[in-house]
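Trainee: Please take me closely through one part of this structure, beginning with a single loop residue and working outward to the elements around it. I should also like to know how far the model may be relied upon.

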Amino acid sequence: MAMNEQARTRIGYARVSTGEQDTTAQIEALQAAGCQRIYTEHASGSRTARPELDKALDHLRPGDVFTVWKLDRLGRSLPHLIETVQKLESKQVDFLSLTEAIDTTTPSGRLLFHVAGAFAEFERDLIRERTRAGLTAARAAGRVGGRPSVMTAEKIEAAHLMHKAGKSQAAIAEALGVARTTIRRTLGRNT
């Protein structure tokens, strides 16, 4: 972008996950980096709704530099982070992460960001592949994933005996210390 550095407006975004945390250190770093306006948010990284981030993104104009203290303050996940930076690029807005020194106003900063994204995507694909291979191997060995059933063979037999004796599903569930839906599934499956 061939913009004059004086024409660039730096917009900052600071986020903490809990009410006990404080944005002071982030705000001070963003102010020291020359941010003229800083949006702050108290929201978990996993939350999709972040109104202050939305306001900051709406406020940006071509030539601006969107600045965060650290990458994890911006994105819920790597795909979300990459998607957000791509939106910035489409608006002709540059991105700066102070801690990681990723600055898309420079060619090397753009390269670093895209290489980091490619490595992260590669790592996700490897994890997914290893997980699938592990599940396949476990199934071949006769193991099934998930939590063990609360209904042991003895409890199943007891449930059927109580059911034949006329006990209600609620009474059977209470006697065996399990949920009524578990009894309903067990009796429906084996009756």
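Mentor: Leaving aside neighbours within four places in sequence, Ala33 is in contact with Arg10 and Leu98. Ala33 itself lies in the loop that runs between helix 1 and strand 2. Please bear in mind throughout that this is a predicted model. A further distance helps to place the loop: the C-alpha atoms of Ala33 and Asp103 are separated by 12 Å, although the two residues are 70 residues apart along the chain.

The elements on either side of this loop belong to a larger arrangement. Strand 1, helix 1 (residues 24-32) and strand 2 together form a right-handed β-α-β unit. Within that unit, strand 1 pairs with strand 2 in the parallel sense, over 6 bridges. One position can be followed across this pairing: Arg15 stands opposite Glu41 of strand 2.

We may now turn to helix 2, which spans residues 51-59 and in which Leu53, Ala56 and Leu57 are buried. These three residues lie on the same side of helix 2, because they cover an arc of only 95° around the axis. The cover over the buried residues of helix 2 includes both strand 1 (10-16) and strand 2 (37-42), as well as strand 3 (65-68) and helix 3 (78-90).

Several of these elements meet again in the nonpolar interior. The largest nonpolar core has 19 residues, of which Leu60, Phe66, Leu74, Leu88 and Phe95 touch the most other members. Strand 1, helix 2, strand 3 and helix 3 are the elements that each give two or more residues to this core, and helix 3 provides the largest share, with 4 residues. Such grouping accords with a general tendency: in soluble globular proteins, nonpolar side chains tend to be buried together. For a closer view, take Leu60: beyond four places in sequence, Leu60 touches Ile11, Phe66, Leu88, Lys91 and Val93. There is also a second, separate core of 9 residues, among them Ala159, Ile172, Ala173 and Leu176.

As to reliance on the model, the average pLDDT of the protein is 85, and 92% of the residues score at least 70. Residues 1-6 require caution, since their pLDDT stays under 50. For this segment the model has 9 contacts beyond four places in sequence. Where pLDDT is low, the predicted coordinates should not be read in detail.

Terms used
Residues numbered from 1 in each chain as written. Predicted model: local features only at pLDDT ≥ 70, side-chain atom pairs only at ≥ 80, totals over all residues. Heavy atoms only, no water. Buried < 20%, exposed > 50% of the residue type's maximum accessible area, 1.4 Å probe, protein only. Arc of directions from axis to C-beta. Contact = heavy atoms within 4.5 Å. Pairing = 2+ DSSP bridges. Right-handed = clockwise from strand over helix to strand, strands pointing away. pLDDT = per-residue confidence, 0-100. Core = buried A, V, L, I, M, F, W, Y, C linked by side-chain atoms within 4.5 Å.
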